[in-house]
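Trainee: Before we look at this one, could we go through how each label is earned, setting the value against its cut-off every time?
Mentor: Gladly; let us take the terms one after another.

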Amino acid sequence: MKFDSVTDDRIVTLVDSFYARIREDAELGPVFETVVSGHWDKHLTTMYRFWSSVMLKTGTYHGSPMQAHMRIPGLEPHLFPRWLTLFEQTVSELFEPAPAGIFLERANRIAESLRLALFFRPEALTVNRAQSA
């Protein structure tokens, strides 16, 4: 039976299930292990607070996702779709379509914001436009 609403306990289930997948993933697992190895409990607790703040507006998360992601060695733009795929699989298995859709809409927005902030280079557009002229 899938969850029909979002609660803090259900967020814990989602985060634990999702990061179990991440750790097993050939592409994402090594990137996360490099950064989180030895303190997975702390990371998971942070993610519980993050998603509680995102989904339930609890205000329990006070970090800076951008600064945290800037320090990740091996983080590349092509990893964001993989992260989203695993997140979508996990959310869809655990939640009914309505709450799953809200999770996915917010996850996509967050991922796109991070990807653009970390990897978007306006000067590359200028070079590409100049080359195609």
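Trainee: What makes Asp 4 and Arg 10 a salt bridge?
Mentor: A salt bridge requires a side-chain nitrogen of Lys or Arg within 4 Å of a carboxyl oxygen of Asp or Glu. The closest N and O atoms of Asp 4 and Arg 10 are 3.7 Å apart, so the pair satisfies that definition. Bear in mind that this is a predicted model, in which local features need pLDDT of at least 70 and side-chain atom pairs count only at pLDDT 80 or more, while totals for chains, interfaces and linings use all residues. Residues are numbered from 1 along each chain as its sequence is written, and side-chain values use heavy atoms, with hydrogens and water left out.

Trainee: Why is Asp 4 called exposed, and what is Arg 10 called?
Mentor: Buried means under 20% relative accessible area, exposed means over 50%, and partly exposed is what lies in between, with a 1.4 Å probe and protein chains only. Asp 4 has a relative accessible area of 58%, so it is exposed. Arg 10, with a relative accessible area of 23%, is partly exposed.

Trainee: How do you know that Arg 23 and Glu 33 form a salt bridge, and which parts does the pair tie together?
Mentor: The N to O distance between their side chains is 3.4 Å. Because Arg 23 lies in helix H1 and Glu 33 in helix H2, the pair ties together parts that are 10 residues apart in sequence. Both residues fall in the middle class of accessibility, since Arg 23 is partly exposed with a relative accessible area of 45% and Glu 33 is partly exposed with 28%.

Trainee: What is the distance in the salt bridge of Arg 106 with Glu 105, and how many salt bridges does the whole structure hold?
Mentor: The closest N and O atoms of Arg 106 and Glu 105 are 4.0 Å apart, and Glu 105 counts as partly exposed at 39% relative accessibility. Glu 105, Arg 106 and Arg 109 are linked in a network of salt bridges, and a search of the whole structure finds 7 salt bridges.

Trainee: What makes residues 8-24 a helix, and how does its span compare with the expected one?
Mentor: Helices are DSSP runs of H or I with at least four residues, strands are runs of E with at least two, and both are numbered from the N terminus. Helix H1 has 17 residues, so the minimum length is met. Its reach from first C-alpha to last is 25 Å, close to the 24 Å expected at 1.5 Å a residue, where the expected span is 1.5 Å times one less than the number of residues. The protein has 7 helices and 0 strands.

Trainee: How do you know that the buried residues of H1 line one face?
Mentor: The buried residues of H1 are Ile 11, Leu 14, Val 15, Phe 18, Tyr 19 and Ile 22. Seen down the axis of H1, these fall within an arc of 120 degrees, so they line one face of the helix; the arc is that of the directions from the helix axis to the C-beta atoms. On the other side of H1, Asp 9 and Glu 24 are exposed. What covers the buried residues of H1 includes helices H2, H3, H5 and H6.

Trainee: Why is the pair of Phe 50 and Tyr 61 called edge-to-face?
Mentor: Rings of Phe, Tyr and Trp (its six-membered ring) pair if their centres lie within 6.5 Å, and planes under 30 degrees apart count as stacked, over 60 as edge-to-face and the rest as tilted. Phe 50 and Tyr 61 are 5.2 Å centre to centre with 90 degrees between the planes, so the angle places them in the edge-to-face class. Both Phe 50 and Tyr 61 are buried.

Trainee: What makes the pair of Trp 51 and Phe 103 tilted?
Mentor: Their centres are 5.8 Å apart and their planes 55 degrees, so the pair belongs to neither the stacked nor the edge-to-face class. The pair links distant parts of the chain, with Trp 51 in helix H3 and Phe 103 in helix H6, 52 residues apart. Both Trp 51 and Phe 103 are buried.

Methods: Contact means heavy atoms within 4.5 Å.
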